[in-house]
Amino acid sequence: MTIEVQGVRRAFGDVLAVDSISLTAAPGEVTALIGPNGSGKTTLLLMLATLLVPDQGAIRIDGLDPVTQPTEVRARIGWMPDGFGTWDALTVREVLHTVAAAYRIPPDRARARTQELLATVHLEDLGDRRARVLSRGQKQRLGLARALINDPSVLLLDEPASGLDPRSRIELRDVLRALAAQGKTVLVSSHILTELQEVADRAVIVARGRSLQTQRLDDDFVSTGTASWRIDSLDLSRLTDWLADHHVPARRVGGGLTEVEVSGEENAARLLADVVRDGIRVTTFAPSQGALETAYLAATEDRR
Ligand SMILES: Nc1ncnc2c1ncn2[C@@H]1O[C@H](COP(=O)(O)OP(=O)(O)OP(=O)(O)O)[C@@H](O)[C@H]1O
Ligand SMILES: [Mg+2]
């Protein structure tokens with residue numbers, strides 16, 4: 001179920017929230033929507049989720065138009081908003097049962113599905129707890145379970161990782177990969193580029209309401225796109241002199257590390273070999289910025 005967005009625009013009064021966004025998200029893939037605050041990501045996702053009507057342009061989800069066929073679209077999508085109210089008086093389990101009932105899922109099936117999803121998002125122990133008392137991260141996980149209740153083929157997730165602790169983030173990543181492996185179309189907005197690089201197949205960069213660039217995040221991109229590396233040595237002053245002598249752009253950063261600008265893994269490997277060959281004892285050598293971060297910063301440079 002492909003998501004196709006063509007030239008979509010949406011204004012709120014005189015604020016042009018989405019100016020012109022076009023993108024395609026394919027089944028079996030995780031597509032990331034990245035862009036600065038206020039660049040129109042949430043507005044776009046709301047339009048995809050049938051909750052807001054575009055002023056211009058076309059959206060198709062599995063060929064269906066959210067404007068004219070909202071019921072059909074809603075049956076196919078799972079939507080996780082970036083912050084959402086839960087029904088405070090209900091328990092976690094009751095929240096999921098209520099959402100299931102809204103999708104007309106029979107009670108038996110709803111109970112089984114709820115149990116399954118509580119396990120997926122690791123909220124089994126909190127099933128009988130009132131949703132109101134959940135922590136922020138636990139609420140996020142309930143939001144994900146809620147988005148999955150109707151077994152949607154298209155998932156629209158707005159900042160799903162926000163508020164999650166490191167373990168929950170890794171688990172979220174695994175859940176998203178597993179959903180894509182089942183052939184679902186996953187579109188996820190986020191600011192955490194290093195994590196997105198590991199989970200997403202494709203990234204759509206937006207700024208000021210416009211889609212700027214779509215980047216495939218394959219091995220080639222990662223190995224050629226990384227542009228800066230961090231290096232630490234037991235012989236710091238010798239390292240500094242060596243870099244200066246060899247005209248390698250470098251600057252000191254925190255933790256005794258030096259950041260060097262070298263494009264691509266090939267050149268980085270060569271630099272490391274040369275430094276070591278000249279007897280400088282290197283203790284750390286690692287990418288300091290992911291390739292996606294580099295692409296994002298370059299694309300949005302003049303658009304803050
Ligand atoms: N209902 C609204 N009324 C007026 N302006 C709005 C409304 N919703 C969004 N905007 C404006 O539209 C722009 C895009 O907002 P949007 O929430 O889509 O950005 P975003 O990319 O999701 O940002 P963030 O990364 O902070 O979540 C912003 O300038 C915002 O102030
Ligand atoms: Mg947003």
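This is a walk through one predicted protein model, from its overall build to a ligand, two cavities and a pair of rings.

Let's start with the big picture. The chain folds into 11 helices and 13 strands. If you draw a box around its C-alpha atoms along the principal axes, that box comes out at roughly 70 × 45 × 35 Å. How much of the chain is buried? Buried residues account for 48% of its 304 residues.

Now head for ligand 1. It has 13 residues around it, and the closest of them are Asn-37, Gly-38, Lys-41, Thr-42 and Thr-43. Three contacts are worth finding on your screen. At Gly-40, a polar atom of the backbone sits 3.0 Å from an oxygen atom of ligand 1. With Thr-42 the side chain does the job: one of its N or O atoms is 2.7 Å from an oxygen atom of the ligand. Thr-43 also uses its side chain, placing a polar atom 2.6 Å from an oxygen atom of ligand 1.

Next, let's look for hollow spots. Rolling a probe the size of a water molecule over the atoms reveals where empty space is left. In this model there are two cavities of 30 Å³ or more.

The largest cavity has a volume of about 110 Å³. Which helices supply at least two residues each to its lining? They are helix H6, which covers residues 166–181, and helix H7, which covers 193–199. H6 gives the most, with four residues. Sorted by class, the lining has eight nonpolar residues, one polar residue and three charged ones. Among the lining residues are Pro-160, Ala-161, Arg-169, Leu-172, Ser-190 and Glu-195.

Pause at Ser-190, one of the residues in that lining. You'll find Ser-190 in the loop between strand S7 (185–189) and H7. Is Ser-190 buried or exposed? Its relative accessibility is 7%, so Ser-190 counts as buried. Ser-190 also shows how folding brings distant bits of chain together: Ala-161 is 29 residues away along the chain, yet the two C-alpha atoms are separated by 7.4 Å. Ala-161 lines the largest cavity too.

The second largest cavity holds about 90 Å³ of space. It is lined by 13 residues, and those closest to its centre are Arg-141, Leu-144, Leu-164, Ser-168 and Leu-172. Two elements, helix H5 (136–148) and H6, each give two or more residues to this lining. H6 provides the largest share here, four residues. By class, this lining has seven nonpolar, four polar and two charged residues. You may recognise Leu-172, which is also on the list for the largest cavity.

Last stop: the aromatic rings. The count of aromatic pairs in this model is one. The partners are Trp-229 and Phe-285, whose ring centres lie 5.7 Å apart. How are the rings arranged? Their planes are 10 degrees apart, and the pair is stacked. Trp-229 belongs to strand S10 (residues 228–233) and Phe-285 to strand S13 (residues 282–287), so the pair ties together parts that are 56 residues apart in sequence. The two partners have their own surroundings: Trp-229 is buried, at 7% relative accessibility, whereas Phe-285 is partly exposed, with a relative accessible area of 23%. The cut-off that matters here is 20%, because buried means a relative accessible area under that value.

Technical notes:
Residues numbered from 1 in each chain as written. Chains lettered and ligands numbered in written order. Predicted model: local features only at pLDDT ≥ 70, side-chain atom pairs only at ≥ 80, totals over all residues. Heavy atoms only, no water. Phe/Tyr/Trp six-rings, centres within 6.5 Å; stacked < 30°, edge-to-face > 60°. Buried < 20%, exposed > 50% of the residue type's maximum accessible area, 1.4 Å probe, protein only. 1 Å grid on protein atoms, 1.4 Å probe; cavity = no way out; pocket = protein on both sides within 12 Å on 5 of 7 lines; lining within 4 Å. Points joined across faces, edges and corners; volume = space filled by probe spheres on them. Nonpolar A, V, L, I, M, F, W, Y, C, P; charged D, E, K, R; others polar. Near = heavy atom within 4 Å. Polar contact = N/O pair within 3.5 Å; in protein donor to acceptor, adjacent residues only side chain to side chain.
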